[in-house]
Amino acid sequence: MSFLIPDRWAALAAQYPERTVGRITLQEKGMYRICTVVGEQNALVSGKFQFDAQSPSDYPAVGDYVMADCADPDTAVIHQVLPRKSLFVRKAAGTSKTEQIVAANIDTVFLCMSLNNDFNLRRLERYLSVAWESGADPVVVLTKADLCADLPQKQREVEAIAMGVTILTTSAMESDGYRQIMPYITQDRTVAFVGSSGVGKSTLINRLLGEERLATDGLRNDDKGHHTTTHRELLFLPNGAMVIDTPGMRELGMWDAASGVEQTFGDIEELAARCRFRNCSHSGEPGCAVRAAIRSGDLDGGRWLSYQKLKNENAYAADSESYLAAKEKKFKEISKINKYNKKR
């Protein structure tokens with residue numbers, strides 16, 4: 001494994017000549033593993049870092065580039081998190097209104113969904129919304145095609161909701177089933193695999209690694225998967241690319257992903273713009289283009305309900321003033337970085 005620092009972060013790291021730049025490869029219960037030019041070691045955040053942190057997203061996450069003091073060979077001390085390019089965030093599981101970072105600085109996020117009984121279009125809409133919001137490019141990966149009896153139909157259903165997104169179909173039974181993914185995985189690029197348990201993420205990553213490094217498991221009696229990955233981890237591939245494996249997520253709560261929802265449901269947003277009244281609630285007003293589309297069959301009722309559900313859930317998660325201020329600051333940095341790189 002060779003640790004190379006992309007120019008983007010090398011320039012940012014130059015602001016802290018007294019520190020060593022590293023990347024978070026593992027995070028588990030407050031302990032981190034970082035990779036630097038001299039190797040890997042455990043790490044903790046400094047006391048000042050903890051004091052200054054205002055929200056969970058201020059803390060390092062897998063994929064982050066950080067500045068650390070590595071004088072102690074046993075445990076490094078993290079002092080800064082460098083500005084992020086992208087951030088995949090969800091609401092933490094449970095009833096608490098808290099954000100949880102899944103991964104940072106991803107170029108492409110592969111949204112994996114199996115074609116067996118775990119196939120769920122409404123869940124995929126949720127994943128797409130969060131992925132678009134993250135700043136990474138989403139790609140849908142349909143896995144376990146060998147277990148699907150009506151593949152063309154399911155592919156059409158996915159195409160109807162994943163507009164503008166590349167859709168790949170793979171089978172773990174095929175030794176080269178991962179090759180469609182390879183064009184996205186090149187030197188210095190970081191990809192992440194996200195999806196429910198048992199959809200085949202670890203199997204695909206093992207193919208990319210060229211070895212059976214990640215544990216995999218079969219299906220339960222209900223045709224759904226076991227949890228095999230228990231933590232987020234960044235792995236270095238032989239070609240110089242990096243991949244982040246994540247635990248299966250049956251629960252992906254919305255965390256202020258308004259623009260992501262709008263992009264995922266662009267067809268509904270376009271319909272709403274055609275309504276006679278600008279403040280149309282789409283609940284029976286005359287001239288409502290949304291209701292007309294549902295009646296004519298041009299808009300699936302299930303998709304409309306999904307849109308409403310995600311919008312309402314997202315609004316509930318975003319009603320904290322302190323959170324909104326922190327979120328605005330966080331994504332303003334990501335926006336600045338992306339705009340700068342588009343001009344280059």
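A charge sits over a ring if NZ of Lys or CZ of Arg is within 6 Å of the ring centre and within 35 degrees of the ring normal. In this predicted model, the charged end of Arg8 meets that description over the ring of Trp9, 5.1 Å from the ring centre.

Trp9 also takes part in an aromatic pair. The structure holds 6 such pairs. Trp9 and Tyr65 form one that is stacked, with 4.4 Å centre to centre and 20° between the planes. This pair links distant parts of the chain. Trp9 belongs to helix 1 (residues 7-13), Tyr65 belongs to strand 4 (residues 65-69), and the two are 56 residues apart. Both partners fall under the 20% limit for burial. Trp9 has a relative accessible area of 6% and is therefore buried. Tyr65, at 1% relative accessibility, is buried as well. Elsewhere, Phe110, Tyr184 and Phe193 form one aromatic cluster.

Asp64 lies in the loop between helix 2 (47-52) and strand 4. Its relative accessibility is 0%, so Asp64 counts as buried. The side chain of Asp64 has two polar partners described here. One is the backbone nitrogen of Ala61, reached at 2.8 Å. Another is the side chain of Arg84, with a polar contact of 2.8 Å. The surroundings of Asp64 draw on several parts of the sequence. Leaving aside neighbours within four places in sequence, Asp64 is in contact with Gly22, Arg23, Ile24, Tyr59, Val81, Arg84, Ala104 and Asn105. Arg84 thus appears both in this contact list and as a polar partner of the Asp64 side chain.

The chain as a whole comprises 10 helices and 13 strands. Of its 344 residues, 49% are buried. Contacts between residues 24 or more positions apart make up 68% of those with a separation of 6 or more. The exposed surface is about 16600 Å², and carbon and sulfur atoms supply 49% of it.

The largest nonpolar core contains 52 residues. Within this core, Ile34, Ile78, Phe88 and Val158 touch the most other members. Helix 3 (residues 121-134) gives the core its largest share, 6 residues. Phe88 illustrates the packing. Beyond residues up to four places away in sequence, Phe88 touches Gln100, Ile101, Val102, Ala103, Ile106, Val109, Val130, Ala131, Ser134, Val194 and Leu252. Another core, of 19 residues, lies apart from the largest one. Its members include Phe110, Val199, Leu237 and Ala241. Phe110 of this core is also part of the aromatic cluster with Tyr184 and Phe193.

Helix 5 (residues 201-209) is largely enclosed by the rest of the structure, because 7 of its 9 residues are buried. The buried residues are Lys201, Ser202, Leu204, Ile205, Asn206, Leu208 and Leu209. They pack against five strands, namely strand 8 (108-114), strand 9 (137-143), strand 11 (190-195), strand 12 (233-236) and strand 13 (242-245). Gly210 follows helix 5, and the phi of Gly210 is positive, near 80°.

Conventions
Residues numbered from 1 in each chain as written. Predicted model: local features only at pLDDT ≥ 70, side-chain atom pairs only at ≥ 80, totals over all residues. Heavy atoms only, no water. Helix = DSSP H or I, 4+ residues; strand = E, 2+ residues; numbered from the N terminus. Buried < 20%, exposed > 50% of the residue type's maximum accessible area, 1.4 Å probe, protein only. Contact = heavy atoms within 4.5 Å. Areas by Shrake-Rupley, 256 points an atom, 1.4 Å probe, with all protein chains shown as cover. Core = buried A, V, L, I, M, F, W, Y, C linked by side-chain atoms within 4.5 Å. Phe/Tyr/Trp six-rings, centres within 6.5 Å; stacked < 30°, edge-to-face > 60°. Polar contact = N/O pair within 3.5 Å; in protein donor to acceptor, adjacent residues only side chain to side chain.
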